[in-house]
Each structure stands twice: as structure tokens, then as C-alpha cells.
Protein chains: 2
Amino acid sequence: MENPVTILIDTQGGDRGPGAAVRGAALALEKFPLLRVVLAGERAGLERECAAAGMDEARVRIFDAPDCITAADDPAAALFHKTDSSMLGGLAETAARGEIFGMVTCGCTRVLLPAAMRYLSGPERVRPALAALLPAQTGIFTCVVDAGATVDCSPAMLVHFAHLGSALMKRMYGVGNPRVGLLSNGAEPTKGNKLVRETHALLAAEAADGKLDFVGNIEGSNALSGECDVLVCDGFAGNLVLKVTEGTAKRLMTDIVRYARSRHSEEIAALAAHLMSVYDIGSLGGGLVLGVSKPVVKARGSADEQAFVNISEMLINMAANRAAFDQRRIKI
Amino acid sequence: MENPVTILIDTQGGDRGPGAAVRGAALALEKFPLLRVVLAGERAGLERECAAAGMDEARVRIFDAPDCITAADDPAAALFHKTDSSMLGGLAETAARGEIFGMVTCGCTRVLLPAAMRYLSGPERVRPALAALLPAQTGIFTCVVDAGATVDCSPAMLVHFAHLGSALMKRMYGVGNPRVGLLSNGAEPTKGNKLVRETHALLAAEAADGKLDFVGNIEGSNALSGECDVLVCDGFAGNLVLKVTEGTAKRLMTDIVRYARSRHSEEIAALAAHLMSVYDIGSLGGGLVLGVSKPVVKARGSADEQAFVNISEMLINMAANRAAFDQRRIKI
């Protein structure tokens, strides 16, 4: 039998309150027999929510951390003073316990990234980045990095993102030789703003040294076409790719649903439901913090029950892939 | 009766050759009785194409300009040495002839913008920008500026783009008080990269002085939701908005067509055809050069017959709206 996978869920900081996180955890436990969860938050409230959700108690542990970091908190101050919060306490617990594979939180990215670096930094102590894993047209996943955490970047930072993304795709998704693309406004190497043109030269040099498989510039129209496994960009551009994709998909869905209604077409209504399940970026799992020693997922503030189920599945798959990867490495 | 509208069509520089431009012009002349065209290009070839297309010759004039600027030309060199080309000669002809309302060309943006500034600059001699006019969800048009011409911008340039876009929406689209939005990665004024944060402060100051109606930051998911009439961004981000929108729409279409085929559904095939006509950004007309004294449309290199018809319609509508605007101004 496979080993159980334990994940820590920060139940606070989301728009829908701890109840959504707990109900999501209960659904995930039902769906994934290997899953174990640690719920971080205020104990008494969590116990009530667990009872209400009919949670399988043998597979749940509560980590009492009643303090919460809110949008009103100054990120720098929260980072130093709210160490008993469910986010920072949860990161410390995830770091301390060998059996915890990874963590999920809805909390503020501006606190999460430096906090993840503090508690879960590897020996290299690199600057973390936020990645989004999106299903590409060819069925594979494309890792967009940075997905919105760092909006002003240097060329060296983008090269660093390329390595972080490649490492993720190798270790967690079993891609042997991840193809790295650079988001630009044209395919030719001369295209791009100053940042992109300078980064292009650096990535080409890394490729020449055999350190990366750099496939060149990728245009916005092909961002998620599957031409690369890792799409490198600054956080401002990465945020744009994700949000414009989502906005366009939503708008088309609205048009399709309206068209189905006006024609009373069940066939088209079924199509709309199918497309919504495929293109619901909101439920896709959220961003993944790269550059830390354990997987940390940043869920959206608006994450619902289903988002927690999807993130649990994502972490379980990562655990299985990493085990396979480590196995292969041992064999070599 | 309304006045005729004359447009100059640069028939060279497109991927499909002068034939596509001439056939497009013939279709447009059939569709729009007010239209007159001046075809810029090599005379003998154009005469053959006109005869083949069954063109209404009374409404066509050929402007002989056999030289052509190609992708192989150095932009700066072409700008100074290829003044007999269909693009530069066409701009000079458009500037010289009062009856020519505007011009369309598939030629290279890097030559077109400085050339438009040279031949068609207003008294202020401002730096031109490229705008894309996209149908927003609410049915109105959103002017995205800059749409890809200038990828490295200063805050002052973005403010300039805001004014150019506002002037366009007022004069050519009859929007009384155009709402200006700033593309960012979040709605709050503190969001954005350094460029966007600094631009936000400048636009807010312009709004406080009553010079612009600044509605704040607009996220990528709402770029084309109709929340603003003018969406201000640097050319790199503007290119991303256009290309990601197009890529996502195309991908969804592909999925819908595949779904329709697998279910042999005529209903869904009809839906796909409907959506394609709505979301075909490629046929939308192309970019508009702002900051010059007459409308100049940059069509895509891949522009087909229908693109020339759509651009003709766009220019005819602009002519009608501008006449109405000038009329109103005279009354005041």
C-alpha cells in the first residue's frame, strides 16, 4: 500500500471563513483514502466545524493557532509579530514535522513568500517565487513563474525563476527535460521589452551551458498552448496571463449560457457545463511557492470547498511523483 | 446625401500580396456606397488585379508606388531611403490630399509609427501610439493603448497615451467623457509594478485637474469587460492582453468544434460559428495610429479580404462620427 500523505490546511484568512476549509478537507478525506490533514486555526471553532462536517476524526489533527493575519495587517509587521497565527504557526509546524508533506493557505502573498523563506528555506536560501500550474492545450501542465508575487524583476531573477520552474516540473511532475519559454511580444529573440531582451541572452547562455532547455520566446497567444513546460515572466505579466485567460473564458461562457437559454438548448447547456469544469481557473488549486523545501500552495482568498479538494489532489499527486522521482534518482 | 469617404489602401507589405487588398477593396466598394478608394502600389499589377476583381472603376484611383518596404529592410534606413514605397508614398499622398480621410497598411509598425509622425503630425508633433479597438462585454468599444508599438514606457508616456485614447473616443466614437482605466495586477492604487504605481499618481493628478476621467486600476480579468473606454498600458502589456484574449478564445473554439463533431451536433456547430464571428480579433480591423492628423490603420500582416472590408467599415464609421462631432463643436 502507498504511504499516507499529510497536508496542513491553514483554515483562516479565506473570504469564506474556516468552515469552507473544513468542509473542503472533509470532502477531500472522503475522496482520497491516503490523505491525512492537520487543520491550523482556533481549536474550539474547528472542533465544532469538524463535528458539523462529519469529519473522519482518525485522519485529522487540529493545530491550535487562534491568531490570524488579515488584509488590514502590515505585511512586515505581521511577519515579525504574528508568529502564533495559523499561517506562520502552520509554516513552522510544516517545517518541524517530517510527516507533513505540504501546506495550503489563503493568506496574503506578501506575507506568505517571505514567511515561507524563513520557515521552509532550503540550504541555498533562494528568493521564493509563485508559480501557477495551468492545463495546456496538449493536456500537459504549464508552469507559469512568476505568477504575480514579484512585479518588478531583474533579468537574473527571471533566470532564477526558470531554474525553480524546471526543478518543480522535474521533481513533482516527472518531466525529464522541461522546456523553458520566455513570455514576449514576438517569437524573434529581438522582441520583448528591455527586461525580456536581456533575459533572453542570459537564458540562451544557460542553455548553451546545458543547464536549461530554453526554447525561446513564447507569445501571449501561445502562452498555454503547451509549447513549453515552464513559462518565465515577471509577476506583472504572469498575473496578466492568468487573469486575461480567466476573463476571456468567463466571458465566452456567459455568451454560451445566454445563447443556450435563448434557444432552450439542453445540448448547449451541457457543453457550457463541460467547458466550465475545464476552464475554471479559480478551482485549479492556486499558486505554488517555489524555492522552499516543502510544497506550499497559495489558494485564492475566495477559495471554496472544491478548491480545497483540488489542492489536496494536487499535493497527493506531487507526493506520488516525488516519491517516484526519488526512487529513480536512487537507482541512478 | 452623406459625403463620400475616400481611403487610401497600401496594397503591399501584406502576407497575402496585393491581390487580397484589391479583392477586399472590391468587396468593400460593393458593401459601402459612400466609399472611394485610392490603391497604392505597382500600377500595372494593380490594374490587372482590379480587372480580375470586377472593381467599380469610377470609385477607384491608383497611386503608383512600386517600391515596397519588407521585413528584411532596416526600419531606420527604409524610413529615409524608401520614400517612393507604397507605405511612405501613401502617407505623403494621404497628407497632401484633403479628400483622403485615412489610410490602411499592413506594413511594419516600426517604420509606420515614425513615418506617420513625419507625414501626418499635427501642430503639436506628439509621439504617436498604437491603439486597438476591441468590443467590450457591454457592447461598447474599449481602446487599448498602447497596443504593442512601444514596449518600454515611462509614466509620462502612459499619461500621454491616456490623452490620445480619450481624444480618439471623443472625436471618433462620440463618447462624451471617456473613462480611462490603468491596466494593473489589482484594483487598489498600491497595486502594480513601478511604472504602473507611478502612472497611477500622475493620472489621479490629471483627474483632479479635470483633464481626464480616471477610473483607477483595471485587472486583466476585466480588461475587456467595459469598465473603461480607454485602457492604458505599455505596449508589452497591451500586446499580452490582445494575444492572450485571442489565444484563449481560439482554444475554446477548438474545444467547442471538437465537442460538436464528437456528438454530431448541428446546434453546437452553429454556436461555434456564431462565437467565431464575435471573437475573431484577427478580422477586427487592426491597430489605429494615434497622435496623427488623419486616421492610419495598421492591419495585420496576415490580413485577408474580410479584414480590408472591416477596416473600411471602421474608417467610414469614424468619418461619420467625426463629422457629427465637428458639427456639435461648431454649434457650441
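Which residue stands opposite L182(B) in strand 8 of chain B? In this predicted model, the residue of strand 8 of chain B that stands opposite L182(B) is N217(B). The pairing to which these residues belong is parallel, with six bridges joining strand 7 of chain B to strand 8 of chain B. Strand 7 and strand 8 of chain B also form, together with helix 7 (residues 194–208) of chain B, a right-handed β-α-β unit. Strand 9 (residues 230–232) of chain B likewise pairs with strand 7 of chain B in the parallel sense, over three bridges, and within strand 9 of chain B the bridge partner of V180(B) is V230(B).

The surroundings of strand 7 of chain B can be described residue by residue. Because six of the six residues of strand 7 (residues 179–184) of chain B are buried, this strand is largely enclosed by the rest of the structure. In a regular strand, side chains alternate between the two faces of the sheet. In strand 7 of chain B both faces are covered, with R179(B), G181(B) and L183(B) buried on one side and V180(B), L182(B) and S184(B) buried on the other.

These strands are part of an open sheet of 11 strands in chain B, which has mixed pairing and the order 3-2-1-4-11-10-5-6-9-7-8. Its edges are formed by strand 3 (60–64) and strand 8 (213–219) of chain B, each of which pairs on one side only, and the twist from one strand to the next averages 30°. Elsewhere in the sheet, strand 1 (residues 5–10) and strand 2 (residues 35–41) of chain B run parallel and are joined by six bridges; in strand 2 of chain B, R36(B) is the bridge partner of T6(B). Helix 5 (residues 109–120) of chain B packs on the sheet, where it touches strand 4 (100–105), strand 5 (129–135), strand 10 (287–290) and strand 11 (296–298) of chain B, and the direction of helix 5 makes about 175° with that of strand 11 of chain B.

The contact between the chains takes 37 residues from chain A and 37 residues from chain B. On the side of chain A that touches chain B, the elements giving two or more residues are helix 8 (235–262) and helix 9 (266–279) of chain A, and helix 8 of chain A gives the most, with 17 residues. By class, this side of chain A has 14 nonpolar, 15 polar and eight charged residues. Chain A can be laid on chain B with an RMSD of 0.0 Å by a turn of 180° and a shift of 0.0 Å along the axis, which is the relation of a two-fold axis. The same surface serves both copies, as 100% of the contact residues of chain A recur in chain B.

Definitions and conventions:
Residues numbered from 1 in each chain as written. Chains lettered and ligands numbered in written order. Predicted model: local features only at pLDDT ≥ 70, side-chain atom pairs only at ≥ 80, totals over all residues. Contact = placed C-beta atoms within 7 Å. Helix = DSSP H or I, 4+ residues; strand = E, 2+ residues; numbered from the N terminus. Nonpolar A, V, L, I, M, F, W, Y, C, P; charged D, E, K, R; others polar. Least-squares fit on C-alpha atoms with pLDDT ≥ 70 in both. Pairing = 2+ DSSP bridges. Axes fitted to C-alpha atoms, helices over the stretch in contact; angles between N-to-C directions. Buried ≥ 20, exposed ≤ 12 C-beta atoms within 10 Å, placed from the backbone. Right-handed = clockwise from strand over helix to strand, strands pointing away.
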